[in-house]
Amino acid sequence: MDAPIGTPGAQKRPRHPRSARAHNAVLTATSALMREDGIPAITIDRIAGRSGVSTATIYKHWPCKAAIIAEAFGRDTAMAVELPDTGRPIDDLVTYAAGLLTYYTSSEGALFGQLLAACATEPQAAPYFHEFFLTPRRTALEPCWERAAEAGLTRPGVDAATATDVLMGPLVFRLLSGHGSLAHDEGRKLVEYALHGLLTPAPQP
């Protein structure tokens, strides 16, 4: 049996054209409602009314509102922030990470905090948050980190997953805690410190 159109992993399988259209209509409607009124104001009934897809069909394919929002926001983020490929992998890592922070502080990207809150209240959304939002962000950085490693620019033994946590963690913490500046230059500085370290080089014997 094929997985429902909104089930994590289902986007890798061919869909009937009608199912694909319904899937896209629901995500497009959800994105529009997020931008207009914010995530807390969204309901399944409003998504159904905007998309033309029945509530019964939506509930058949997604377990809750936050699952739809996680997929829609992940798609929007992928379109808004692309990983550059300039041939300078370290510069590309810094640019991409700082670009994500800039997006998260925009009127659209500011929905990130609301998304996390929605997923916390609807735990069924967690797999969707991981597959459609978190994993694509992490996957995007892998080839860039691998290019840096092949060029001998990285510390031996540090994999892309660890590098992503170190690069993005400080940005997300500052974003959610609100304790420091979120200006683009400050974001770049945080990423550069994460890459190059905070300590002075050890003196050579």
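The following exercises, each with a worked solution, concern a predicted model of a protein.

**Exercise 1. Overall architecture**

Determine how many helices and strands the protein has, and state the pattern they follow along the sequence.

*Solution.* Begin with the secondary-structure inventory: the protein has 9 helices and 0 strands. Read along the sequence, the pattern is accordingly α-α-α-α-α-α-α-α-α. Burial can then be added to this description: 39% of the 205 residues count as buried.

**Exercise 2. An aromatic pair between helices**

Count the aromatic pairs, then classify the geometry of the pair Phe 73 and Phe 133 and decide whether each of the two residues is buried or exposed.

*Solution.* Step 1: the search for ring pairs yields a count of 8 aromatic pairs.

Step 2: for Phe 73 and Phe 133, the ring centres are 5.5 Å apart and the planes meet at 35°. Planes under 30 degrees apart would count as stacked and those over 60 as edge-to-face; the pair is therefore tilted.

Step 3: locate the partners. Phe 73 belongs to helix H4 (residues 65-80) and Phe 133 to helix H7, so the pair ties together parts that are 60 residues apart in sequence.

Step 4: assess the accessibility. The relative accessibility of Phe 73 is 1%, and the relative accessible area of Phe 133 is 2%. Because buried means under 20% relative accessible area, Phe 73 counts as buried, and Phe 133 is buried as well.

Step 5: place the pair in its context. Phe 73 and Phe 133 belong to a cluster linked by ring pairs, which also contains Tyr 103, Tyr 104, Phe 112 and Phe 129.

**Exercise 3. Salt bridges**

State how many salt bridges the whole structure contains, and describe the bridges of Asp 37, Arg 138 and Lys 189.

*Solution.* Step 1: a search of the whole structure gives 7 salt bridges.

Step 2: Asp 37 is bridged to Arg 46, with the closest N and O atoms 2.7 Å apart. Asp 37 is partly exposed at a relative accessible area of 40%, and Arg 46 is also partly exposed, at 32% relative accessibility.

Step 3: Arg 138 and Asp 165 meet through their side chains in a salt bridge with an N to O distance of 2.6 Å. Since Arg 138 lies in helix H7 and Asp 165 in helix H8 (residues 160-177), the pair ties together parts that are 27 residues apart in sequence. Both partners are partly exposed: Arg 138 has a relative accessible area of 24% and Asp 165 one of 45%.

Step 4: Lys 189 forms a salt bridge with Glu 186, the closest N and O atoms being 3.2 Å apart. Both residues lie in helix H9 (residues 184-196), at a separation of 3 residues, about one turn of the helix. Lys 189 is partly exposed at 33% relative accessibility, as is Glu 186 with a relative accessible area of 25%. Through shared partners, salt bridges join Arg 174, Glu 186 and Lys 189 into one network.

**Exercise 4. A charged surface patch**

Identify the residues of the negative surface patch, and examine the location and accessibility of Glu 142.

*Solution.* Step 1: the negative patch is formed by Glu 142, Glu 146, Glu 150 and Asp 159.

Step 2: Glu 142 is situated in helix H7 (residues 126-150).

Step 3: the relative accessible area of Glu 142 is 35%. Patches are made of residues with over 30% relative accessible area, a cut-off that may be set beside the 35% of Glu 142. With this value, Glu 142 is partly exposed.

Terms used. Residues numbered from 1 in each chain as written. Predicted model: local features only at pLDDT ≥ 70, side-chain atom pairs only at ≥ 80, totals over all residues. Heavy atoms only, no water. Patch = residues over 30% accessible without salt bridge, like charges linked within 9 Å, V, L, I, M, F, W, Y side chains within 5 Å. Areas by Shrake-Rupley, 256 points an atom, 1.4 Å probe, with all protein chains shown as cover. Salt bridge = Lys/Arg side-chain N within 4 Å of Asp/Glu carboxyl O. Lys, Arg positive; Asp, Glu negative; His and termini not counted. Charge placed at Lys NZ, Arg CZ, Asp CG, Glu CD. Helix = DSSP H or I, 4+ residues; strand = E, 2+ residues; numbered from the N terminus. Buried < 20%, exposed > 50% of the residue type's maximum accessible area, 1.4 Å probe, protein only. Phe/Tyr/Trp six-rings, centres within 6.5 Å; stacked < 30°, edge-to-face > 60°.
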